[in-house]
Amino acid sequence: MPWWVRGCAAKRTSDITSIQLYINEVVLGTAFGIAIGPYGADIFDPRSWDVSTIFLTREITRIVLATSLFAVGIELPKSYLAKHGKSLLVMVVPTMAIGWIIVSGVLFGLFPKLSYFSCLAIAACLTPTDPVVCAAVVGGKYAQKHVPLNLRQILSAESATNDGLAFPFLTISLYLILDRTKEEAVVHWVLVGCLYQVVMGTILGAISGLVFSHLMKFCHQRGFIDRESYVAQYLALSIFVAGVVSTIGSDDLLATFAAGSAISWNREFDDHTEGEAFATIVDLIFNCACFVYIGAWLPFKSFTSPELGITPWRLIVLFLSILALRRIPAIMRLGLGVKHYSMVTLLPAARNPPKNEQELLAACLEPMVAFTVLCSIIIHGLSIPFFSLGRATLSLTMALPSTTPDWIQHAPTNTPNSPAPCGKATSASELNSCVLQEQQAQDEAGITAVEAGDTRTVEDLVNI
């Protein structure tokens, strides 16, 4: 079965359930991948292919993250980073640094076989939140109705920014492991991890976006390009920027976000693509196909590796600790970004048993990251459906009629003042009384609510 068929099947299922149950494509794609993977129907097993699984996973997540980060940059309001850049950095950098230290301490306490530097490297991979999972949380009809616009924008910008800023945390951890002295590791970190990767990647992305914006404007004014071509460039430029920047070894994720922000700086790109669904369709298909792959890739057997000190209860405690201690739980969205950084961590292939610290880190990294990503997808992907179910249950409970005997319900009332209509009820008791009185009036008249043309439901009465 081709990958695009699996992605379209998961997307179709996602359309149905996301509308009815608010379950997004991230959860459904992962569940579908597990179902058809080696631990389910065993018809799709990425680990059985001849190509390197690490290389393939890294490149798949790179493409999906590049398009998602580019989309976040384009969808932000005009000059958003110029207006909110300082507050965004204050929100991102200290939170990432504190969370990095906290998670490394938890890892060091739970997995005594790992050195503290190895724990720092694993914690760096768990530091970034994820724009794809974030889009699943802050996107859709439910979020648009219940989450304020400014909060959705800051969460999207935060997830995109810290996805790129995770590189310095990862590089300092690896340099402390691989370099001979700490002084040499710090020098490499400043020159390579900060300046070359982060700063240069951001500059290249911003320049690419500005050049592209002016080029597209020039072509459009002279009739060299039409509306459909504008939309096609959405996908082309994100992959182009990611490919160029990753080729020279800079931060490609931060570059694509900077490129998207630069293109939409004056909102002209949005004016030409407004109302087009092509970009959204491509993004959803990529996301579905990628999470189907992730679901089939998950190494469930590695979750129990006593020789490495990895047991299910330790992994559960690790995730709960991250959820409770690292940052506000609503912001803790782990997904493709975490998986991408774990694949970027280039270390020697682990032998069984590992012979040194690098091999032990390589062996422990995959199961820890995979388990955390799986739990994050489940928790945050199902948070809105559970919240919606709880809200609906509460509304139904508030409007349920009491257990008053029938002879009391049908007894005539001689109150001089008529009760307030249900639309003006201000409390649960008043609403309950209104519902009972409406039922009594209908029984006395010998008709039902349906026969009278009243098609209101309990939820309608609650929401009036």
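These legends go with close-up views of a predicted model.

**View 1. Helix 4 has a kink in it.** Follow helix 4 (residues 80-110) and you'll hit a bend of about 45°, centred on Lys 86. Right beside that spot in the sequence, Gly 85 is among the buried residues of helix 4. Others on that list include Leu 88, Val 92, Met 96, Trp 100, Val 103 and Leu 107.

**View 2. Here is the largest nonpolar core, with 81 residues.** Leu 107, Phe 111, Leu 114, Ile 122 and Met 368 touch the most other members. As for where the core residues come from, helix 17 (residues 357-381) chips in the largest share, with 13.

**View 3. Zoom in on Leu 107 and its contacts.** Leaving out residues up to four places away in sequence, Leu 107 touches Cys 119, Ile 122, Ala 123, Leu 318 and Met 368.

**View 4. A second core sits separate from the largest one.** This one has 16 residues, including Met 216, Ile 225, Tyr 234 and Ala 259.

**View 5. Helix 8 is mostly covered.** Of its 16 residues, 13 are buried. Helix 8 (residues 149-164) runs 23 Å from its first C-alpha to its last, close to the 22 Å expected at 1.5 Å a residue.

**View 6. Two buried cysteines, Cys 125 and Cys 375.** Cys 125 counts as buried because its relative accessibility is 0%. Cys 375 has a relative accessible area of 15%, so it is buried too, given that the cut-off is under 20%. Looking for disulfides? A search of the whole structure turns up 0.

Terms used: Residues are numbered from 1 along each chain as its sequence is written. This is a predicted model: local features need pLDDT of at least 70, side-chain atom pairs count only at pLDDT 80 or more; totals for chains, interfaces and linings use all residues. Side-chain values use heavy atoms; hydrogens and water are left out. The bend at a residue is the angle between axes fitted to the seven residues ending there and the seven starting there. Helices (H or I, at least four residues) and strands (E, at least two) are DSSP runs, numbered from the N terminus. Buried means under 20% relative accessible area, exposed over 50%, partly exposed in between (1.4 Å probe, protein chains only). A disulfide is a pair of cysteine sulfur atoms within 2.5 Å. A nonpolar core is a set of buried Ala, Val, Leu, Ile, Met, Phe, Trp, Tyr and Cys residues joined through side-chain atoms within 4.5 Å. Contact means heavy atoms within 4.5 Å. The expected span of a helix is 1.5 Å times one less than its number of residues.
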